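The exercises below are meant to be worked with the sequence and the coordinates side by side. Please try each task before reading its solution.

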Amino acid sequence: VDRWVDTARRNAAALSEHLIPIREAIRPLLPTPGTAGNGHKYRVMVPEKIDVDELVELLNAADVPACRWQTRPLPAHPGFGASGYWERSEKNIRYARFILDHSVILGTESLPLQMFDEAAMTRWAEVFIDLVQQLSGATT
């Protein structure tokens, strides 16, 4: 398990490094070693003008596993507010919905980051950058 977690974290860090050129892309905070979470789902925010479903389709067509995991904001889930972890307010629900509507997951349930090497992360990032630039008209 440790090897899988280490690989996922290394790959997430590599993606974050490679995606720096896209100013509008908001990369996730990565878990530090010894903490919970392993980065097997890499959520990245994209510019609002991009059709996220189209981006996912184009990424998959280019053999970059991507998806729109979790389409309902977790703060909206009835059990979540009772946890005390995050206040179940309309503001938090709107914020969570915005994140879900404007982000994609690189790596999927069946093809998580752990299954790939750093060369794959470099290629994924190159494809992602090219597609985001094409779809938004942005430049690095």
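The three exercises that follow concern a strand and its partner, a nonpolar core, and a loop residue in this predicted model.

**Exercise 1.** Determine which way the side chains of strand β1 point, and which strand pairs with β1.

Solution. Begin with the general expectation that side chains in a regular strand alternate between the two faces of the sheet. In β1, which spans residues 42–45, Tyr42 and Val44 point one way while Arg43 and Met45 point the other way, and all of them are buried. Next, look for the partner: strand β3, residues 103–106, pairs with β1 in the antiparallel sense over four bridges. Within β3, isoleucine 105 is the bridge partner of arginine 43.

**Exercise 2.** Describe the largest nonpolar core, and identify the members that touch the most other members.

Solution. The core holds 27 residues, among which Leu55, Leu59, Leu106 and Phe128 touch the most other members. At least two residues of this core are supplied by each of α1 (2–18), β1, α2 (52–61), β3 and α5 (118–136), and α5 gives the largest share, nine residues. To follow one member outwards, take leucine 106, whose contacts beyond four places in sequence include Leu15, Tyr42, Val44, Leu59, Trp124 and Phe128.

**Exercise 3.** Decide whether histidine 102 is buried or exposed, and find its contacts.

Solution. Histidine 102 lies in the loop between α4 (90–101) and β3. Because its relative accessible area is 14%, under the 20% cut-off, histidine 102 counts as buried. Leaving aside neighbours within four places in sequence, histidine 102 is in contact with Val44, Met45, Val46, Glu48 and Val52.

Notes: Residues are numbered from 1 along each chain as its sequence is written. This is a predicted model: local features need pLDDT of at least 70, side-chain atom pairs count only at pLDDT 80 or more; totals for chains, interfaces and linings use all residues. Side-chain values use heavy atoms; hydrogens and water are left out. Buried means under 20% relative accessible area, exposed over 50%, partly exposed in between (1.4 Å probe, protein chains only). Two strands pair if DSSP finds at least two bridges between them. A nonpolar core is a set of buried Ala, Val, Leu, Ile, Met, Phe, Trp, Tyr and Cys residues joined through side-chain atoms within 4.5 Å. Contact means heavy atoms within 4.5 Å.
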